[in-house]
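Reader: Please take a close look at one part of this model, the parallel strands and how they are joined to one another. I would like a connected account that sets this part against the rest of the chain.

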Amino acid sequence: LDHRVGISFLTKGIIPERLFDLFEQFPEKILAQIGLVSLSIGYWKGYEPNAPPPEKRIENIQKLRDVGILPEIKVDPIIPFVTDREADVINLFRQLKEAGVKRATLSYLHLRPAIQEQLMKGLLPLHQRLVESCFKTQEWKTVGSSSKTKLIPKSVRERGYQRFREIGERFGIATSVC
């Protein structure tokens, strides 16, 4: 930062206090993104048990705003029927608006073989079946030169992204798809 080189970061973690003092000196050089998919404690415990709870991430947003940095929010991975329900999205965007957020980037869950294996180990059986059902009609596709990926069906993603966009507009939060 002293050499006028900007930094960007994405975290679901807690930002150490000493960094806020540093960031305050160079707010125009910092692009901060905070990962926050849901405010649901059930989602957090089931899908992100080793990450800080949602309220700590909201605190990060507020502290960044207080030092002159308006972070973007990374809503990723969106899981159909778990984190894309209208009431949950409204609750999330209401909290984000209160925290001063203006922009969110959206991305539905996609699977790679190793991610699928790891994800399934940590989920309750009901959620394992739910996630499996979202991908059961999808083929593995090669992305790039070697990575195999499964995507949520396009129609589900398009409807979900539209729902997020409309709700975002109600709260003055611009959305884009990653």
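Author: Two strands are taken as paired if DSSP finds at least two bridges between them. The model is a predicted one. Strand S1 (residues 7–11) and S2 run parallel and are joined by five bridges. Within this pairing, Phe9 has Ala32 of S2 as its bridge partner. Between the two strands comes helix H1 (residues 17–25), and S1, H1 and S2 together form a right-handed β-α-β unit.

Strand S2 spans residues 30–35, and five of its six residues are buried, so the word "mostly covered" applies under a cut-off of under 20% relative accessible area. Beyond S1, strand S2 also pairs with strand S3 (residues 72–78), again in the parallel sense, over three bridges. Here Gly35 has Lys74 in S3 as its bridge partner.

Lys74 also leads on to the next strand, since its bridge partner in S4 is Thr105. S3 and S4 run parallel and are joined by four bridges. From S3 the chain passes through helix H4 (residues 86–98) to reach S4, and this β-α-β crossover is right-handed.

Five of the six residues of S4 are buried, so the rest of the structure largely encloses this strand. Arg103 belongs to S4, which covers residues 103–108. Arg103 has a relative accessibility of 33% and therefore counts as partly exposed, the band between the buried limit of 20% and the exposed limit of 50%. The C-alpha atom of Arg103 is separated by 23 Å from that of Ile41, a residue 62 positions away along the chain.

S4 is also joined to strand S8 (residues 174–177), by four bridges, and these two strands run parallel. In this pairing, Ala104 has Thr175 of S8 as its bridge partner. As a general point, side chains in a regular strand alternate between the two faces of the sheet.

A separate set of strands pairs in the other sense. Three strands make an open sheet in the order S5-S7-S6, with antiparallel pairing. Strand S5 (110–111) and strand S6 (141–143) are at its edges with a single partner strand each, so each has one side without a neighbour in the sheet. S5 pairs with strand S7 (residues 147–151) over two bridges in the antiparallel sense, and Leu111 stands opposite Lys150 in S7.

The largest pocket can be described next. Its volume is about 370 Å³. It is lined by 15 residues, and those closest to its centre are Tyr47, Glu48, Pro49, Gln118 and Leu119. Helix H2 (41–47) and helix H5 (113–122) are the elements that each give two or more residues to the lining. H5 contributes the most, with four residues. By type, the lining holds nine nonpolar, four polar and two charged residues.

For the protein taken as a whole, the secondary structure amounts to seven helices and eight strands. Of its 178 residues, 42% count as buried. Along the principal axes, the C-alpha atoms fill a box of roughly 50 × 35 × 25 Å. The radius of gyration is 17 Å, which agrees with the value near 16 Å that a compact globule of 178 residues would have.

Note on methods: Residues numbered from 1 in each chain as written. Predicted model: local features only at pLDDT ≥ 70, side-chain atom pairs only at ≥ 80, totals over all residues. Heavy atoms only, no water. Buried < 20%, exposed > 50% of the residue type's maximum accessible area, 1.4 Å probe, protein only. Right-handed = clockwise from strand over helix to strand, strands pointing away. 1 Å grid on protein atoms, 1.4 Å probe; cavity = no way out; pocket = protein on both sides within 12 Å on 5 of 7 lines; lining within 4 Å. Points joined across faces, edges and corners; volume = space filled by probe spheres on them. Nonpolar A, V, L, I, M, F, W, Y, C, P; charged D, E, K, R; others polar. Rg over C-alpha atoms; globule rule 2.2 N^0.38 Å.
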